[in-house]
Every structure is written in C-alpha cells, then in structure tokens.
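Colleague: I should like to learn how the features of a protein model are read. May we work through one together?

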Amino acid sequence: MTTATAPTSTGYTLVHADPNELDISANVRTGVDITAAPDFIASIAELGVLQSVSAVRRADGTLSVRDGQRRILAAREVGLTSIPVMVRDQNADERAADIERVTEQFNTNEQREDLTSGQRAGAVAELRDLGLSVQKVSTALHVPKAYVEKAGRAGRSERARRQLDDRQLTLEGAAILADLEAVAQAEPWITEAIEQIFDNRFGFEYRLATLQRRIDERAEATAAAAAADFTARGFALLHDEPSTSEGEWYSLVDLRTADGSAVPADAPEQAPHLWHVHVHETGTVWVDKATREEVDEDDIDFDTEDDDEAEAYEELRHANTVEKVTAWGHEFFLHHDSRTAAGLELSLEKIAAADTEGGGDAEDGLTPAQRKAARAEAERIETERAERRKVKALNRAGATATEARRTFLTGLLSRKDVPKNATKWMVTTLATHGDVFTESKCSERYAEIMGSPLREVTRKVDGATAARAEVLLLARVLTAFEARLTGPQDAKDYWRFSSKHYRGMVGIDSYLTFLADSGHALTPVEQAAIGNITVGAAYAAVDDDA
C-alpha cells in the first residue's frame, strides 16, 4: 500500500510504500545477504529509512526500484511497513532497456549455468510483466514457448521459485502453485489448503493439481447456466454440498412449516435471500448441436464419428450432429441462522435423528418404532450425501492422476531405450492379456500420448535403432493398457476397480505396478484401483474437505 504527496519539479512523487511490495529485481541473479551488515541493519531499526529510495512505476502499477536495494532489504529485515520512495512513471525507453537488461543477463548467465531454476523463472516472469508475448520471450531467451508459459506463471511467486530451487516441485507444479496463490488473494481458504499440502511433506505436486482441479470445478459450476439463473434470482451459491447431520445446514426434507406440514417445494423461490443452492454435476448427456435437445445414446450411430460423408444406420443419428455435455442438478439448503426468519421448524425425522436411542422429547408424538424409522431415514439421506461427496472428491483425484500418469508416459516413451525388465514384462503380460490391443479407444490413447497417429509407427520403425523400436513396442502396450484403465469414456472413477474383472479391468494391476517400477509415483486413487489400499484410505488421502 502506498500514500503519495505532491510531485516534485523533477517529475518524481514522494510516496510511502511497504518495502515488501517493492520490486528490487534489478538483476535476475538474486541472493544479497543483508544480514552480513549488522551495523547498517541496527541503524535502520533505530532511525528508519532517512534517505528515500527511487523507483519507477510500471504500466501494471508495480514499483521497480532503481536505487536503494540495501535500504529496502534492511527495512524488511527489521519489520518496517512503510519507507519513503521517490517515484516517477516508467517511460518507453526504460521499458526497452529493462527488456534488454533481463534478456542479456538471462542469456549470459545461462551460458555460464549460474542461474538457478527459480531465477530463470523469475527472469521470464519479469519479461512477461514488461509486456513481451510468450513468442517474443521464447525467441529472445532461446527457450521453448511451453517453458515460457509455465515459467512466466511460476516466476511470479517467491515460494514457487524457492520450491523449484529446492527441487520440491517441477516447473509445472511451481506454475500451479503460483496460480493458486494468485486466486487465494480473493479466496483466503486456498492459502490454508496450500499450507496443509506442504505440511504433508509428500505428494506436493499431485495435491496442488487436485486443489487446482477443485477450484476449476467450482468455476465451471458457477458458470453453468443453472447457477447463473439461481444467482440472478437472489440465491447464494454453495460450491460444496454441505452435510446436514451437524445442525448447521438443512435441506427441504429436514424442515416443516409451523403447522407441521411438509415444506412446499417452491418455498425457496418465495424467499431466495434466505436460501442457498448447491448446483452439482449429475453426469453427462448427449444433446443435438443445433437444438440443444437431449438425445438418447442408443439413437446415435457412433461408427459415423468424425466422418461427415458417412451415412447413419437406418433410424440412427449421425454422431457429428450431437455432442456430450455436462448435466446439472440442484438442491436447496437453509442455514440454521435463517431457519427462524423462514418461519420453519425441524421435521419430526430430524428431531428423531438428533435424539439418543431410547430418549427424546415425548411431545414429538412419535412412538419408539416411528422414532427408530425416522432416525434410519435421516441417516440414509446423510449417507447418500456423504457418498456423493466422496465420489466427487475421488473422481477429481482420478482425473488429476490421469493427467500426471499420461505426462509420465509421454516422458518415459520419449527415451531412446526401454526401462530395465520392460521386455520381460511385455512378454509375460501379453501372454495373459494379449486381448488388450482390442480395447476401445486404444488408437486414440496412443496418438494422444505419443503425439502421432498409430498408423505412423511403421514409418518410425523404419528409421529407428533396435532400442528405439523396442520403445515403440512398449508404447503400443502401455497405451493399450491406459485405454483399458480409463475406458471408452475416459473415466475418472477407476478407483472403484479393485475387483480386476470389473468392466474388463484385467491386467491393470500389472500395468500400474510396471509404471511404479519405472519411476511413476502411484497416487491414492491408482493404489485403490489395484487393491493396494482401500477406497476409504484413498478418500482420506486426497485431503479434500468438500
């Protein structure tokens, strides 16, 4: 935060700014140790910063320090929250000079290999903040565009840069961490979730990606037409389905009117300001691309997919005229603080569920048998909600695990030779599971992971070494098992498949175990899929409080 006084005749304005908010990255190499000057620190602690530092204000509003780095570091060291800064706007020539400075420092230091991973990311982020496009940064620094995109995100976070240097995160993970920290400014609960992830001391990247997916799902749900419609009518959104067993939230079935009758289904519509709504995914449906009307899956000829010239069989629909979309449902909830304002009371079933066995209020008019039945019904409803929360969390973790696994496969299959014992594994596994090559979406998974169609394998083998040809064979086997694991619909719920014969999942234990032996860290959902841990243990491990 800054406060300003009148500008001077030189074009500078004196402001008082938090030293922690000043950008002192005048050189891409960081690491000045201010603690080596204890007398200077003591002087700043006693007298404060008497001589103002100078800075220019960039287009994005940040203050880039031109002179006074040691004063700023000392101020930070002693905990000052405000120091004097002489500020003027950055001109076009200075911006060009900054770009030239960072580019030259990056390339010169890179050749000497003096820069750390975090410093390289910081340099990329600085160039992006100066307004250079990904393509221009890529050209100037002689690095791939994919690196610039991720480093530009990661470099904006001090913690992400530190995690890069400590090799706790890959560049992808550091970029996700920086993105999460940016979102956390608007949603403080994310900061706590990040701290919990790093408190676990393992699986940082997977857990960060799962948290990111959770946030993305929230955004998707919020953007859904149904959610937008509810908020327009005055309802507050609940991003996560609440539990109704702890007395904080109630659903319609938990309540009754003052005369004891059921709450009308339209009661929330009469007082939307008192009610919350949870919009949730109920699955997927096929719809007509033009009319958006739902189409029965049995009425679609999937053999015509991606072939505009093909004719659909008899009365069936051409696959290119439909698309699969997310289906949404909703449920209303009332917070206990709003129950009185809404003029509603707890239902007999809710009262009975809250009573201890054999006790209770005699005025509720229930017999012991009715009380027991009401309690069982309340428990059934809450069990269903808990199961939905568990499925949602595990599916989210399953989708994240699939992305990580396929990234690992891409790296593994880009090698010049196969991992140790790969040939032995292929011979043994295919002797039992040779039918894996008939798996639906087998070719699609190969193309996705290898970056080229299966039909090009012959051409690749012609010019390959014997070792690389063996890698191509391994790619064919592994991508076929990947297709078996996620199925034709690229399912996220393979955590259910500890029974190997469920949905033809035979052999996936051998597949995932081979990946683990080759360096892939199996996630909780993958462990559950092959029976190494229970589904309950996997749910506990995903650290999802939804």
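Modeller: Let us begin with one helix and its exposed residues. Lys136 and Thr139 of helix H5 are exposed, and they lie on the other side of the helix from its buried residues.

Colleague: Which residues of helix H5 are buried?

Modeller: In helix H5, which spans residues 134–141, the buried residues are Val137, Ser138 and Leu141. These residues share the same side of H5 because they cover an arc of only 100° around the axis. After H5 comes His142, whose phi is positive, near 60°.

Colleague: What should I know about the model as a whole before reading further details?

Modeller: The model is predicted, and its confidence should be consulted. The mean pLDDT of the protein is 81, and 85% of its residues reach 70 or more. Where pLDDT is low, the predicted coordinates should not be read in detail.

Colleague: Over which residues does pLDDT stay under 50?

Modeller: That is the case over residues 356–362, for which the model has 7 contacts beyond four places in sequence.

Colleague: How many helices and strands are there in the protein?

Modeller: The protein has 21 helices and 14 strands. Of its 546 residues, 42% are buried. The exposed area is about 28,600 Å², of which carbon and sulfur atoms supply 50%. Among the contacts with a separation of 6 or more, 68% join residues 24 or more positions apart.

Colleague: Which residues of the largest nonpolar core touch the most other members?

Modeller: This core has 44 residues, and those touching the most other members are Leu413, Trp425, Leu474, Leu478, Tyr511 and Val525. Several helices each supply at least two residues of the core, including H14 (368–412), H15 (422–433) and H19 (508–517). The largest share, 9 residues, comes from H18.

Colleague: With which residues is Leu478 in contact, leaving aside its neighbours within four places in sequence?

Modeller: Leu478 is in contact with Leu409, Leu412, Leu413, Trp425, Tyr511, Phe514 and Leu515. Apart from this core lies another, of 36 residues, among them Leu132, Ala174, Ala178 and Ala193.

Colleague: How should I read a pair of strands?

Modeller: One asks about the sense of the pairing and about the residues that stand opposite each other. Strand E3 (residues 53–57) and strand E4 (residues 63–67) pair in the antiparallel sense over 4 bridges. Arg57 stands opposite Leu63 in E4. The hairpin of E3 and E4 has 5 residues between the strands, and Gly61 takes a positive phi near 95° there.

Colleague: Where does Val253 lie, and what does its relative accessibility make it count as?

Modeller: Val253 lies in the loop between strand E7 (249–251) and strand E8 (255–256). Its relative accessibility is 54%, and residues over 50% are called exposed, so Val253 counts as exposed. Not counting residues up to four places away in sequence, Val253 touches Ser347 and Ile381. Val253 and Ile381 are 128 residues apart along the chain, while their C-alpha atoms are separated by 9.5 Å.

Colleague: What does Ala42 count as at 44% relative accessibility?

Modeller: Ala42 counts as partly exposed because its relative accessibility is 44%. This residue is found in helix H1 (residues 38–47). Ala42 and Val78 are 36 residues apart in sequence, and 8.4 Å apart in space from C-alpha to C-alpha.

Key. Residues numbered from 1 in each chain as written. Predicted model: local features only at pLDDT ≥ 70, side-chain atom pairs only at ≥ 80, totals over all residues. Heavy atoms only, no water. Buried < 20%, exposed > 50% of the residue type's maximum accessible area, 1.4 Å probe, protein only. Core = buried A, V, L, I, M, F, W, Y, C linked by side-chain atoms within 4.5 Å. Contact = heavy atoms within 4.5 Å. Arc of directions from axis to C-beta. Areas by Shrake-Rupley, 256 points an atom, 1.4 Å probe, with all protein chains shown as cover. pLDDT = per-residue confidence, 0-100. Pairing = 2+ DSSP bridges.
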